Amino acid sequence: MKIWSFIGVLSFLCASETYAQHRIAFISDAHIQNIVDYPELVRSMEVQVQSTRLFNENYYALIAALEDAAKRGITLVVLPGDLTDNGQFVNQEKIKEILDSYRERFGMKFFVTTGNHDPVRPFGMQNEEHGFLRPDGSRTTRENRCAGYADEMQCYAAFGFYPQPEYLYWETPFTSYQYADYNYQEALSEGALDKRRYTLCDSLEAIDASYLVEPVEGLWLLAIDGGVYLPGEVKNGVQTYEGSSVGYNNVLAHKAFLLPWVRKVASEAKKRNKILVAYSHYPLADFNDGASDIVRKAWGNKKFDLHRVPSEEVTEAFLEAGIRLHVAGHMHVNDTGIKRGKNGKCLYNIQVPSIATCIPAYKILTAEDAMRFEVETVLVDSVPGFDSLFGLYKKEYEYDVRAGKKPNWSREALDSKDYAEFCDWQFRDLVRVRFIPKDLPEIVRKKAVSMSGSQLVAYAEGKRMEADAGSDWSGYDLILDLYRLRYADKLALRWILEKRMEEYRILFDAVRKSEVDDELILRLREIADIFECFLNGEPSGHFRIDLEKDRIDSK
């Protein structure tokens, strides 16, 4: 593992003597499957490259991230949702086993939130999944029972959902006591699932898993359940529910109790001089580095997860309620989003990348005091066991070739020297087989992607294109790097050489000056604008946030 920026002794220049510095590891979107105890749950590479996350190797990545945090002496760990891939009981129990082990060995305290994949539905579901690998490389389908809210919260009771004897304070939107009157036994009684987790929302039974905990003196961790499961059709007499993927955008309308509680917590934190760190599975500010409006106008409302971008109304409401610093997962992107509110203050939304895709990383947040924070991004590259399934993948590849089927993934992935490289190979194929066909305008898919870099520049300059102009990159490489930047921000520069960036700048300059008047040039201009938005976003690697001065600075 390594910090993605300066490596060495941390300096805390503005720390107040009044506060102890608290370090918190945020490890998000593990999406693990228990492939160790149940090897029949191994999914195929064919499936992995069509998904926004890995299903298998991330099991080992979670262990590696926890080991790294332990070596750094970090004892507070937040996992903001999607610990499993769909809340399958067998995977959920494995997560509990892993976290219990690190709690016993290193004294770690874990705090989890619900994600849209755990639970995938509020009351659980029977889920059919495909692409499980047999020993000969063929595939099969399996059914798994997935947990709902109650099951998940009972399983993870010791990880924030229930009060614990060692907590200095704990509450939910539904507890009635005050900070000065806190008593563990009373909290345990009021915290019972049947008393606090069910409330009426729009005349329907809904569940909320939000909580506030003070695990160590002076630090308040505020877990906000931004998930809302709206009722769908009644099928065969059974009520169905829509997923919670849009996150906070449904909260104001369907969880009216949540915002007043958050406002109360933020006010109490300020009054009692507590460091307040809020987190959720879902982002609380735009995560597209200013590119959302460009994408919306150019490619429509369903590209680049625009439906998951929280509305300005939502961000403003939580900022007005007192949330200044918020950590999220869900998007699998490395990003820092900033929203300046009507009161002149800013809300800083820190997006934690997934450890299950490109580029795998987790974040360490150091709270220096109530106003100053340092954030470091740790690349998860050294992962023992990440290549343990390569022999089985080879059989999968050979099985398809013998069957006359062209594999949809790159066999070069099996030559990966570390976990980050393997994740990048998965990502390259994901861009090719999913993102390009689904996201890009037709002329880009059918023409620009297959053109070489020199051909694209020549086209923009109105020159005759040679069949082979000798460029070492193509339109596909440009789109791949666009997506790398979108997901990894400047971490993507691990894969994009400066020489290539210079060549991209030449292309962007050419298309902006081009006198060619056609759709391809228009689309290339849009790509240039979006690319540069992702390249020039707010600091997201190693940086400091000062809420008092309302500024963010790279380290």
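By class, the lining of the largest pocket in this predicted model holds six nonpolar, 10 polar and 11 charged residues, where Ala, Val, Leu, Ile, Met, Phe, Trp, Tyr, Cys and Pro count as nonpolar, Asp, Glu, Lys and Arg as charged, and the others, Gly among them, as polar. Because this is a predicted model, local features need pLDDT of at least 70 and side-chain atom pairs count only at pLDDT 80 or more, whereas totals for chains, interfaces and linings use all residues. Residues are numbered from 1 along each chain as its sequence is written, and side-chain values use heavy atoms, with hydrogens and water left out.

The largest pocket has a volume of about 660 Å³, and of the 27 residues that line it, T52, D305, H307, R308 and R434 are the closest to its centre. A pocket is, on a 1 Å grid over the protein atoms alone, an open set of points with protein on both sides within 12 Å along at least five of seven lines, while a cavity is a set of points where a 1.4 Å probe fits but cannot get out; lining residues have an atom within 4 Å of a point. Grid points are joined across faces, edges and corners, and a volume is the space filled by probe spheres set on the points. Helix 13 (419-439) and helix 16 (475-488) each supply at least two residues of this lining, and the largest share, four residues, comes from helix 13; helices (H or I, at least four residues) and strands (E, at least two) are DSSP runs numbered from the N terminus.

The second largest pocket holds about 560 Å³ of space, and of its 23 lining residues the closest to its centre are A266, K270, G322, R324 and M371. Two or more lining residues come from each of helix 9 (258-271), strand 14 (275-280) and helix 11 (312-320), with helix 9 giving the most, five residues.

A search of the whole structure finds three cavities of 30 Å³ or more. The largest cavity, with about 50 Å³ of space, is lined by Y169, E171, Q178, Y179, L212, W220, K264, V265 and E268, and helix 9 again gives the most to the lining, here three residues.

The linings compare by class as follows.

| Site | Nonpolar | Polar | Charged |
|---|---|---|---|
| Largest pocket | six residues | 10 residues | 11 residues |
| Second largest pocket | 12 residues | four residues | seven residues |
| Largest cavity | five residues | one residue | three residues |

The structure also holds 32 aromatic pairs, counted where rings of Phe, Tyr and Trp (its six-membered ring) have centres within 6.5 Å, with planes under 30 degrees apart called stacked, over 60 edge-to-face and the rest tilted. Y248 and F318 form an edge-to-face pair, 5.1 Å centre to centre with 70° between the planes. Y248 lies in the loop between strand 13 (238-241) and helix 8 (251-254), and F318 lies in helix 11, so that the pair links distant parts of the chain, 70 residues apart. Both Y248 and F318 are buried, that is, under 20% relative accessible area, with exposed meaning over 50% and partly exposed in between (1.4 Å probe, protein chains only). W299, F304, F427, F435, Y483, Y487 and F534 form one aromatic cluster. Of these, Y487 has R486 over its face, at 4.9 Å from the ring centre.

Definitions and conventions:
A charge sits over a ring if NZ of Lys or CZ of Arg is within 6 Å of the ring centre and within 35 degrees of the ring normal.
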